[in-house]
Amino acid sequence: MQLAQRIRRREVSSVEVVQAYIDRIQEVNPLLNAMVQDRFAAALLEAAQVDKLIEEETGGEDVLEDRLPLLGVPLTVKEAFALRGMPNTTGVISRRGVLSAGDAPPVALLKRAGAIPLGVTNSSELCMWSESHNHLYGICNNPYDLERTPGGSSGGEGSILGGGASVIGIGSDIGGSIRIPCFFSGIFGHKTTPGVISNDCQYPPASGRHEDYLSTGPMCRYAEDLLPMLRIMAGPNAHKLSLSIEVDLRNLRFFSIPHDGGSPLVSAVDEQLLQAQRRVVERLESDLGVKVQEVRLSGLKYGFQIWDTYMGLPDKEGKRPTPFQVLMGEPGRPVWPVWELAKWMMGRSPHTMAAIGLALVEMTSSSKPSPFILKQKEKLQKEIEELLGTDGVLLYPTHPHLAPKHHHPLFTPFNFAYTGVINILGLPVTQCPLGLSVEGLPLGVQVVTGNLQDRLSLAMALYLEKTYGGWRDPGGRK
């Protein structure tokens with residue numbers, strides 16, 4: 001990471017860097033509503049301690065790089081993660097005042113590597129919607145167009161990073177909650193192979209089979225930061241990903257799937273996104289001399305049904321996921337969704353329409369999974385694992401639309417199927433920006449690889465950043 005290197009070499013002090021990002025947050029956050037609680041005073045004290053440590057270090061820069069690779073680098077954290085002394089509510093009004101007594105494991109590992117948290121960022125209510133909106137903190141705006149959403153649930157992270165007000169961030173993803181905000185906000189994000197990075201100390205906690213589908217991962221403006229962050233956040237499991245092995249893209253097999261095959265529940269993919277993905281295919285073939293094979297997997301058109309079915313399945317002990325209406329009421333009694341809907345119509349509910357709608361759907365849905373959908377998932381799992389193996393890379397749209405206007409996702413609630421199905425398949429995937437649309441909104445694609453082959457999509461992220469310019473400053477995009 002170049003910034004950490006410059007701090008270690010005393011080309012710039014950590015205090016100067018932290019103050020610069022505090023200034024930037026104070027400039028843009030009134031517009032974005034991305035950071036919901038800061039710890040600026042503590043961060044500046046920690047930055048001063050970093051500068052003192054560097055001043056006193058006699059072993060040289062290499063010692064600091066090995067021991068503290070992120071020394072002095074500002075970090076932001078999704079409010080769903082425990083960060084000592086910061087709120088941990090995920091936008092639920094009944095949890096107002098809940099403060100974290102410690103740090104979530106990946107947050108602790110980033111801090112131990114020298115990163116300095118600046119504060120926590122906005123999310124959707126209970127992290128289960130594709131727009132970061134709740135009645136505790138309000139609605140989060142997209143840095144490229146304030147009338148649009150930065151996505152959810154890690155939308156505050158996407159927005160603050162996309163707005164150039166943070167260097168690195170941490171998000172979680174059970175249906176696209178890292179990738180959709182990274183796409184809408186024009187940055188990089190990685191959904192790790194499940195089970196590699198700890199999901200402990202997040203709210204809401206995983207229940208049912210959710211641990212199999214939930215991934216914690218890095219979010220950042222620059223592709224080169226993904227791998228070092230992933231190595232740190234994985235802690236004792238980092239060896240499983242073989243991140244030190246060099247990747248030669250010319251030795252990989254490439255595939256492209258332009259759309260899900262035509263699900264009636266999901267919008268058609270925007271033509272600009274289809275064109276962007278085609279351009280990537282053409283560049284790969286011309287730059288690397290590889291052949292990118294276009295494939296169709298029929299099971300993808302059942303992406304939403306697969307995600308919905310598997311999210312509701314019980315764990316090995318037969319315990320089902322905690323009902324959404326229970327989570328909405330904690331630490332008190334479960335809410336009654338019909339009553340909440342009536343209150344919402346009168347402007348009296350403490351919950352968002354998205355959360356109420358999810359609770360109503362859950363309450364009325366069948367608990368018995370469809371044998372047809374179970375069969376489609378098993379078939380799709382086999383097909384995609386055979387396709388990718390240990391050296392395959394798949395390009396697949398992240399979302400059918402460019403960043404939508406606020407509240408428009410309520411009218412297309414199943415469009416996250418493009419990301420959600422990858423969670424159920426348990427595959428690692430990196431979200432990569434591909435420049436801007438004619439409207440000045442970020443374009444992007446998700447790069448999917450086989451289980452534990454995270455390093456392949458991270459190598460692709462570096463290539464795509466070099467080819468398409470990576471993150472674009474929203475203030476200088478004209």
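1. Starting with the overall make-up: across residues 16-456 the chain is 37% helix and 14% strand, with the C-alpha atoms at the two ends 35 Å apart. That stretch is the one UniProt labels "domain: Amidase", in an unreviewed entry. Keep in mind while reading on that this is a predicted model.

2. On the domain split: the assignment gives domain 1 as 1-313 + 369-468, and domain 2 as 324-364. The contact between them draws on 14 residues from domain 1 and 14 residues from domain 2. Taken over C-alpha atoms, the centres of the two domains sit 28 Å apart.

3. Now the interface itself. The size of an interface is often quoted as the accessible area lost when the parts come together. Here domain 1 and domain 2 bury about 1,100 Å² between them, and 66% of that is on carbon and sulfur atoms. On the domain 1 side, Glu125, Leu126 and His135 give up the most area to domain 2, together making 39% of what that side buries.

4. What holds for the chemistry across that boundary? The rule finds 5 residue pairs in polar contact between domain 1 and domain 2, both partners at pLDDT 80 or more. For salt bridges across the interface of domain 1 and domain 2, the count is 0. The residues of domain 1 that touch domain 2 break down into 8 nonpolar, 4 polar and 2 charged.

5. Next, backbone oddities worth a look. Most residues other than glycine have a negative phi, and most peptide bonds are trans. Tyrosine 203 and proline 204 are joined by a cis peptide bond, with omega about 0 degrees. Proline 204 belongs to the loop running between strand E7 (188-191) and helix H8 (210-213).

6. There is a cis peptide bond between glutamate 330 and proline 331 as well, this one with omega about 10 degrees. Proline 331 is in the loop between helix H12 (324-329) and helix H13 (337-345). For orientation, domain 2 covers 324-364.

7. Arginine 10 has a positive phi, near 65 degrees, despite being a residue other than glycine. You'll find arginine 10 in the loop between helix H1 (2-8) and helix H2 (14-32).

8. Last, glutamate 57. Which loop is it in? Glutamate 57 is in the one between helix H3 (40-56) and helix H4 (61-67). Setting aside neighbours within four places in sequence, glutamate 57 is in contact with Val63, Leu64 and Arg67. With arginine 67 there is a side-chain to side-chain polar contact from glutamate 57, at 3.1 Å. If you want a long-range pair to check, the C-alpha atoms of glutamate 57 and threonine 192 are separated by 34 Å, with the two residues 135 apart along the chain.

Methods:
Residues numbered from 1 in each chain as written. Predicted model: local features only at pLDDT ≥ 70, side-chain atom pairs only at ≥ 80, totals over all residues. Heavy atoms only, no water. Domains from an automatic or database assignment. Contact = heavy atoms within 4.5 Å. Buried area = accessible area lost by both parts, 1.4 Å probe. Salt bridge = Lys/Arg side-chain N within 4 Å of Asp/Glu carboxyl O. Polar contact = N/O pair within 3.5 Å; in protein donor to acceptor, adjacent residues only side chain to side chain. Nonpolar A, V, L, I, M, F, W, Y, C, P; charged D, E, K, R; others polar. UniProt positions renumbered as here; feature names shortened; annotations may be inferred. Helix = DSSP H or I, 4+ residues; strand = E, 2+ residues; numbered from the N terminus.
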